[in-house]
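Me: Could you walk me through a few local features of this protein? I would like the reasoning along with each result.

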Amino acid sequence: MKKNDWILTGAVLLAVSLSAWFFYSGRNRGNGVSIQVDGVEYGRYDLGTEQVIEIGETNRLEIREGKAFMIYADCPDQLCVQTAPVCEAHELIVCMPNRVVVEVIE
């Protein structure tokens, strides 16, 4: 490898490292979740307390190991059930057909 190749490789590695640092440094672990149904707050729940929350008759949210995830929804697409567990501040789980929004709060 020539000298310029080493300089280019170093610059790329530096750019990738800085990008990763900026991306991950802004994340904050959440303390709880806020559940809204049809734009109205349904409740706030602690991420440190393991529990299953019935959201009306349409959805069921589980909090386990500091993460929240939808375990049941009666909607046809099941996208909210397939959403990855959330635990970082401002992450969302959304069930559009049932108008349910779960947001991680600090």
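Here are some questions and replies on the surface, one strand and the core.

Reply: Happy to help! This is a predicted model, where local features need pLDDT of at least 70, side-chain atom pairs count only at pLDDT 80 or more, and totals for chains, interfaces and linings use all residues. Residues are numbered from 1 along each chain as its sequence is written, and side-chain values use heavy atoms, with hydrogens and water left out.

Me: Is V16 buried or exposed?
Reply: V16 lies in helix α1, residues 3-25 (helices are DSSP runs of H or I, at least four residues, and strands are runs of E, at least two, numbered from the N terminus). Buried means under 20% relative accessible area, exposed over 50% and partly exposed in between, with a 1.4 Å probe and protein chains only. Because its relative accessibility is 54%, V16 counts as exposed.

Me: How does Q36 compare on that scale, buried, partly exposed or exposed?
Reply: Q36 belongs to strand β1, residues 32-37. Its relative accessibility is 31%, so Q36 counts as partly exposed.

Me: Which residues does Q36 contact, leaving aside its neighbours within four places in sequence?
Reply: Contact means heavy atoms within 4.5 Å. With those neighbours set aside, the partners of Q36 are E41, Y42, R99, V100 and V101.

Me: Which residues have the most contacts inside the largest nonpolar core?
Reply: A nonpolar core is a set of buried Ala, Val, Leu, Ile, Met, Phe, Trp, Tyr and Cys residues joined through side-chain atoms within 4.5 Å. The largest one has 18 residues, and the elements giving two or more residues to this core include β1 and β7 (100-105). Those with the most contacts inside it are V33, L61 and V102.
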